[in-house]
Amino acid sequence: MVETILEVKDLSVRFDTEEGVVGAVDRVGFTLMRGETLGLVGESGCGKSVTNLALLGLVPSPPGKIVGGEALYRGENLLEMSAGKLSRIRGNRIAMIFQDPMTSLNPFMTIADQMTEVTMLHLRHTYSEAIKHAITMLGNVGIASPESRIHGYPHQFSGGMRQRVMIAMALSCKPEILIADEPTTALDVTIQAQILELMKQLQESEGTAIIMITHDMGVVANICHRVHVMYAGRIVEQATCEELFARPRHPYTLGLLDSVPRVQKSAAGQLLAIDGQPPDLVHLPVGCAFEPRCRFSEERCLKEQPMLREMTPSGRAACFLDSLDGSKALSKETMDD
Amino acid sequence: MTEPSPTTPLLETNNLMVYFSSRKKWGEPQRFIRAVDGVSLSLREGETLGLVGESGCGKSTLARAILGLAPVTAGSVHYRGQRIDQFSARQMRPLRQEIQMIFQDPFASLNPRMSVGQIVTEPMSIFQLYSRRERRLEAMRLLDLVGLNPRYMNRYPHEFSGGQRQRIGIARALAVSPKIILCDEPVSALDVSIQAQVINLLQDLQQKLGLSYLFIAHDLAVVRHIADRVGVMYLGRLVESTDTERLYNNPQHPYTRALLSSSPVPDPVAERQRTGIALPGEIPSPETEFPGCRFFDRCLIREASCQTHDPPLEGTEHRVACPLAGKEIAEH
Amino acid sequence: MVRFLIRRLLWFLLTLWTVFTVSFFLMRAVPGGPFDGDRKLEPDVKRMIEQRYNVDQPKWKQYVTHLGMAAGVLSEDGQWRWGLPDLGPSYRIRDYTVNQIIAQGLPISAALGILALSFGLVFGVTAGIIAALNRQNFTDTGVMLLATVGIAVPNFWMASIGIILFVFWIPLLPAAGWGSLSHLVLPAFCLGAPYAAYIARLTRTGMLEVLHQDYIRTAYAKGLPARRVIMRHALKGALLPVVSFLGPAAAGILTGSLVIEKVFHLSGTGTYFVEAALQRDYPLAMGVVLVYTVVLYTMNVIVDISYAVLDPRIKLQ
Ligand SMILES: Nc1ncnc2c1ncn2[C@@H]1O[C@H](COP(=O)(O)OP(=O)(O)O)[C@@H](O)[C@H]1O
Ligand SMILES: Nc1ncnc2c1ncn2[C@@H]1O[C@H](COP(=O)(O)OP(=O)(O)O)[C@@H](O)[C@H]1O
Ligand SMILES: [Mg+2]
Ligand SMILES: [Mg+2]
């Protein structure tokens, strides 16, 4: 029996900006199981980062505001927890790594200082215990001669090495949940492959559950067990990884899959791009937010917002259509010939 | 000067080198950043030549050197058989009309204080093309061509999304009717759905206008999709170069093979079965001097001789800079 | 580091020499001499005095003698010696050498300057941090308003108000003169206030910028309490602009001290400098100029070193 360790229900986050109220996250819900990797995909600006920052109380406020929902971790609502209690969870039980390893480490502090402060705070390590632990962690993430490198500053490390340091730091208290916000987006492919491999290994040995935020379908296929697709602040499809790629249920997911060129397939004319632009989150349409770009749009989509509904035992999608099969066949053909 | 013949490529570099001098420390010999270190490639009329490699391998510098925007240390650049790397700024001017460039960052490469109309007509007025009235009409036609509403003429760059800004950049490049466009990672900063739109646009334009592209990217899938021929760069060198199908179906250089196997594909079944060649280590500093092959440290098929022997790029149809090319990679 | 210091020392000597030379000829280029007082001196007497002070010699000879003395390699009568810099006798303050006058005035001025600068730093940095953390609410607006006033008000005006307030109205502090440290409180406050205000603004801006950095988000994500994040992770970066302002601030405080010392009747180097300049006391004026050069140059070296200490990415060259 797999155990749920995080359950998010109806999370909504807004930003008050000069242009108006941005509905960055709109009634987002998901569950995370122990030891799994849950993918969160979608184009930039769709609310992936804000969803996860909200869980840890890190949404900049003002302008941001959590306007509803709950996030249950071990039966307690993270969104209503006192600041002190939440900070005992942050970095300890739930850790986070970010997209840009070049700016996510403090340039003014040595790696040693940045790593030891986490375990000294949460695990009550003495400095010498903390240093020993940090050196072990750096070794685990594949940094050569960690005893000497640990006293260096971030600028003395390459991008890939800094992301390794971030991972070592995030995992140093053996968190139950690791939120990885586009951890490989800024890295070269060969380094990305190394980091993904490292994350998989560490997950195996530590049993950490990972929320993997990314916009790269290749990364999703590589590392995720289940996937949630976000569009304009909402989750539009939830499925297992195999299901999602084999039979996407939401037209947006289908569009995303069709628009990526494939490295193993030779070019076949044009890519099937999704027309148009993502919507402005200040002025969302009444109906389905994807309707203006959708190949399957109907009368109904303009007036009514489709809710997430069960499509298969393990998959849900927010679309009125029961199946995209006919057109999927069509897109397959154009890709193959 | 050689007469251009039908077989002469449109654009050609021969053993091109661009070195930057790094700050010299007292008592140490002068060191060089070998950004581009002996690259020979050619671009034919109407084709797309892809250029891939990790960041810092010299792709942008190569493109800038072609346009005379980076100092050429040695080697040569020919355009239609004419040597252009020693041209003065004045001699270069007419060529700037023939060879245009578009950039990765659509945010940084557009002047925020100029309207879209001004951005697109500016190159026309620099080269004194058309009358003033015609310029506006031409700009509107170009906006339409790149898929932007011509009514946007009076708007400013900040009012557009990333993909739309890239379209503005493309319209600006097309304003002087160039023959060649050097595309420096034009889709790397864009979301996948928008990236596909821009790739389609570039392909469309190529067909309609008979353009030639030097297409720089680090995404191998994008390059496979758009390029006719591909060159793979590593640390300032071209390590493999051939036509696209051959390269992707039968990669020879160990670096190309590692790059290909490192790119995750959007297919979980294939991903789970994949035995990736995880390339160890990282790209060394371009200041390092290598007596032998510069890929030696990370190579999975290396032999002792590689450390002292610098392999040249050999072959005619399929050029590879590795004497052991194609050798079985040992499981590790 | 050693190379940096050696290099800076060489530049320092060159700077001192340039300052000496330029001041020497500039002072003497102005019409009038030290001994053309209100009373006409008998020609004989004047000649004697001029002989006593070597003013009768050609300019270049005077220059060489004075330079040699200042460098500590010549004595007043042109003999080789090896010792501390000697700036010669004062022309107007009888029986005192410039060295003695500076030795007497410098401690007062140094105490005043250091006090003013420390005051500016402590108040400025604290106020800046408080303002940044309470961004856009009442505290922030209040602190920044005060800062704007502090920058705008000239310090002699603030001095007068301060004297009226704390000396006559609520007699807490002595009015003027020099005796104990309490004599310095009010002058240091008046001298340092504009710098406190400016530093507050710099700190606030620096802090707000740093608080937006990704690594601050990382620090919060690690579970560090807000105070730790600010003091350990944000402060260093926020202080960089303040540190680079310390050079100009020191120069400003030196200039300001000329006025403030006068207002509060402190007999520091500033007062002597003004007197010396007015009365053509060349050696004394020169002495003070050289002292100021040393102070400013040292300050700038300290700024460079602090910068490198704060920011590991910067290498001293
Ligand atoms: N500090 C902020 N102020 C105003 N709007 C914000 C802020 N942060 C995020 N947003 C808005 O929230 C939306 C979701 O952002 P984000 O979660 O960062 O997207 P992504 O999916 O790329 O991670 C964006 O459209 C953005 O406009
Ligand atoms: N103007 C310059 N001065 C010094 N070094 C440079 C300059 N431009 C580029 N380089 C160096 O040359 C190398 C290649 O850079 P670049 O051509 O931008 O790589 P790419 O485009 O493949 O990422 C890098 O190591 C870079 O630091
Ligand atoms: Mg994000
Ligand atoms: Mg580049």
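## Interfaces worked through, chain by chain

A:E117 makes a salt bridge with C:K222, and their closest N and O atoms sit 2.9 Å apart. Keep in mind throughout that this is a predicted model.

**Exercise 1. Work out what the contact between chain A and chain C is made of: how many salt bridges, how many residue pairs in polar contact, and which helices of chain A take part.**

Step 1. Start with the charged pairs. The count between chain A and chain C is two salt bridges, and the A:E117 to C:K222 pair is one with a closest N to O distance of 2.9 Å. A salt bridge here needs a side-chain nitrogen of Lys or Arg within 4 Å of a carboxyl oxygen of Asp or Glu.

Step 2. Widen the net to polar contacts. The rule finds 13 residue pairs across the interface of chain A and chain C, both partners at pLDDT 80 or more.

Step 3. Now place the chain A side on its helices. At least two residues each come from α3 (101–104), α4 (111–122) and α7 (159–171) of chain A. Of the elements, α4(A) gives the most, with six residues.

Step 4. Sort that side by class: 13 residues are nonpolar, eight are polar and four are charged.

**Exercise 2. Put a size on the interface of chain A and chain C, and find which residues of chain A lose the most area.**

Step 1. Pick a yardstick. Interface size is often quoted as the accessible area lost when the parts come together.

Step 2. Apply it. Chain A and chain C bury about 2100 Å² between them, with 59% of that on carbon and sulfur atoms.

Step 3. Look for the big contributors in chain A. A:F98, A:F108 and A:E117 lose the most area to chain C, and together they make up 32% of what that side buries.

Step 4. Cross-check with contacts: 25 residues of chain A are in contact with 20 residues of chain C.

**Exercise 3. Do the same for chain B against chain A: what is the buried area, and which element of chain B gives the most residues?**

Step 1. Count residues. Chain B puts 39 residues in contact with 43 residues of chain A.

Step 2. Get the area. About 3600 Å² is buried between chain B and chain A, and carbon and sulfur atoms give 55% of it. On the chain B side, B:V192, B:P266 and B:E282 lose the most area, together 18% of what that side buries.

Step 3. Go through the polar side of things. The rule finds one salt bridge across this interface. A:E242 pairs with B:R272 in a salt bridge, with closest N and O atoms 2.8 Å apart. Polar contacts come to 19 residue pairs, both at pLDDT 80 or more.

Step 4. Assign the elements. Those giving two or more residues to the chain B side are α6, α7 (220–226), α8 (244–249), α9 (254–262) and α10 (268–273) of chain B. The most come from α6(B), with ten residues.

Step 5. Finish with classes: 16 nonpolar, twelve polar and eleven charged residues make up the side of chain B that touches chain A.

**Exercise 4. Turn to the inside of chain B. How many salt bridges and polar contacts link domain 1 and domain 2 of chain B?**

Step 1. Fix the bounds. The domain assignment splits chain B into domain 1 (11–98 + 178–320) and domain 2 (113–177). Their C-alpha centres lie 30 Å apart, and the contact takes 17 residues from domain 1 of chain B and 14 residues from domain 2 of chain B.

Step 2. Compute the area: about 1400 Å² is buried between these domains, 71% of it from carbon and sulfur atoms. In domain 1 of chain B, B:Q97, B:P178 and B:L201 lose the most, together 38% of what that side buries.

Step 3. Count the links. There are zero salt bridges between the two domains, but three residue pairs are in polar contact (both at pLDDT 80 or more).

Step 4. Name the helices. α2 (89–98) and α6 (192–209) of chain B each supply at least two residues of the domain 1 side, and the largest share, eight residues, comes from α6(B). By class, that side has eleven nonpolar, two polar and four charged residues.

**Exercise 5. Is C:P283 buried or exposed?**

Step 1. Locate C:P283: helix α11 (residues 282–310) of chain C holds it.

Step 2. Apply the cut-off. C:P283 has 5% relative accessibility, so it counts as buried, the limit being under 20%.

Step 3. List the neighbours. Leaving out residues up to four places away in sequence, C:P283 touches C:L87, C:P89, C:Y91 and C:V98.

Terms used. Residues numbered from 1 in each chain as written. Chains lettered and ligands numbered in written order. Predicted model: local features only at pLDDT ≥ 70, side-chain atom pairs only at ≥ 80, totals over all residues. Heavy atoms only, no water. Contact = heavy atoms within 4.5 Å. Buried area = accessible area lost by both parts, 1.4 Å probe. Polar contact = N/O pair within 3.5 Å; in protein donor to acceptor, adjacent residues only side chain to side chain. Helix = DSSP H or I, 4+ residues; strand = E, 2+ residues; numbered from the N terminus. Nonpolar A, V, L, I, M, F, W, Y, C, P; charged D, E, K, R; others polar. Domains from an automatic or database assignment. Buried < 20%, exposed > 50% of the residue type's maximum accessible area, 1.4 Å probe, protein only.
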